[in-house]
Amino acid sequence: MTTLRNCQQFDAQDPLRSLRDQFHLPAGVIYLDGNSLGVLPRTAAARVAEVVTKEWGEGLIRSWNSAGWFEAPQRLGNKIARLIGAGPGEVVATDSTSVNLYKVLSAAFTLAQQDAPQRHKIVSERSNFPTDLYIAQGMCKERGCELQLVEPDGIAAALTPEVAVLMLTHVNYRTGAMHDMAALTAAAHAAGVLTVWDLAHSAGAVPVDLTTARADFAIGCGYKYLNGGPGAPAFVWVNPRHADRFWQPLSGWWGHAAPFAFTPDYQPAPGIGRYLCGTQPMISMAALECGVDSVLAAEAIGGMAALRAKSLTLSDLFIELVESRCAGHGLTLATPRERGRRGSQVCLARAHSAEPSGTSGAYAMIQALIARGVIGDFRAGDGEQPDILRFGFTPLYTRYADVWNAVEQLRQVLQTSEWQAPQFNQQQSVT
Ligand SMILES: *Cc1c(COP(=O)(O)O)cnc(C)c1O
């Protein structure tokens, strides 16, 4: 069995170990929640202060030109493009993931219907992240389409001639299971269906190649693995073969071909620019750029392939240690064991009926771990799905010794039953 000493040796030999120095990490904390909110890059506080005091305070409105504010969505988009297999000019950083999903889903649906008006369905996965399903439901109300939810093994069979769009999240937020983007996109195209991929748990976490996969539309999140800060702008990509063919519904002035011509008629900007809506948040953009740069810093030492290799080794280590050291407490692995089928997180499930109270105890276990300085998170199940204890492994700053120590804390929480204490069983508003 792997020992703490082994883990310390892995850390000493880790070619990516210097990347950790880029971040402010609070003392006494092992942070395994970078899949939900990334950590603070050391450059961000000074950069945000500079935007506030110099660019806003002194430059005032001149900074839209002189400080590169106006081009920020494209400049950041070009940086994010390098992480997701997209080309320059194909991505913009803007708005939230939910808002961007509405824009691309609507655009994809319009395109699909132009070619085949009988296609009126959007297919997605039942266990997709709820906001994705809610946005689709809202759009269906407006556009008269129908959302069909299927299980992962039923996706290919659901791609009938009635389907316009296949909308999937590449890495599942609950289980960490990863879809084969290229294979599903090819299946969708063979059935005449366009694809929308949500990369919220992929960008900066796993290698993504939108171009090779021939995907149609993609969106993703700025505050998870991209370390952009709470509520950071998200991003949008559209395959260049659709550029200039699509329309997006939030046709605001920043997506206009000439916003400062102030003409009464909307003329969409060429290419990805039309996915902008209104004025972008420059303070948040500045923080996001620091976060994206912290991931791009890996390019000099192996890039996403090296990050992926370390993420898988960290995850394998966690699985090995949990299974050997935390056995007998009703925790089962909810993430696929096969390396090619998982993202950068490992999830443990606990059945609802595990406790006499009819709860799973998973929430309280996470609370007890957080009290010990090990931060993971909890995702509630329902009648069919078990509750989940979720641990994200961000290879930029997570050490092998952190994994060992986190499992040791989990072992103690379970063995002492301390998680059953009342203070760990009171649910807060954000889990
Ligand atoms: C995190 C996440 C989001 C977040 O959407 P916001 O608009 O930023 O709140 C959306 N979709 C998926 C799949 C996510 O994992």
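A polar contact is a pair of N or O atoms within 3.5 Å; within protein, one must be able to donate a hydrogen and the other to accept it, and residues adjacent in sequence count only if both atoms are side-chain atoms. Welcome to this predicted model, where local features need pLDDT of at least 70, side-chain atom pairs count only at pLDDT 80 or more, and totals for chains, interfaces and linings use all residues. Residues are numbered from 1 along each chain as its sequence is written, and side-chain values use heavy atoms, leaving out hydrogens and water.

**Around the ligand**

- The ligand is surrounded by residues with a heavy atom within 4 Å of it, among them S96, F129, D198, Y223 and K224.
- D198 has a polar side-chain atom 3.0 Å from a nitrogen atom of the ligand.
- For Y223, a polar side-chain atom lies 2.7 Å from an oxygen atom of the ligand, and for K224 the distance from such an atom to a ligand oxygen atom is 2.5 Å.
- Taken alone, the ligand exposes 390 Å² (Shrake-Rupley method, 1.4 Å probe), and the protein buries 86% of that.
- At least two residues of this shell come from each of α5 (97-115) and α6 (130-143); helices are DSSP runs of H or I, at least four residues, numbered from the N terminus.

**Strand β12**

- Six of the six residues of β12 (345-350) are buried (under 20% relative accessible area, 1.4 Å probe, protein chains only), so this strand (a DSSP run of E, at least two residues) is largely enclosed by the rest of the structure.
- Q345, C347 and A349 point one way from β12, while V346, L348 and R350 point the other way.
- β12 pairs (at least two DSSP bridges) with β11 (332-333) in the antiparallel sense, and T332 has A349 as its bridge partner.
- β12 and β15 (387-392) run antiparallel and are joined by six bridges; C347 has R390 as its partner there.

Technical notes:
Buried means under 20% relative accessible area, exposed over 50%, partly exposed in between (1.4 Å probe, protein chains only).
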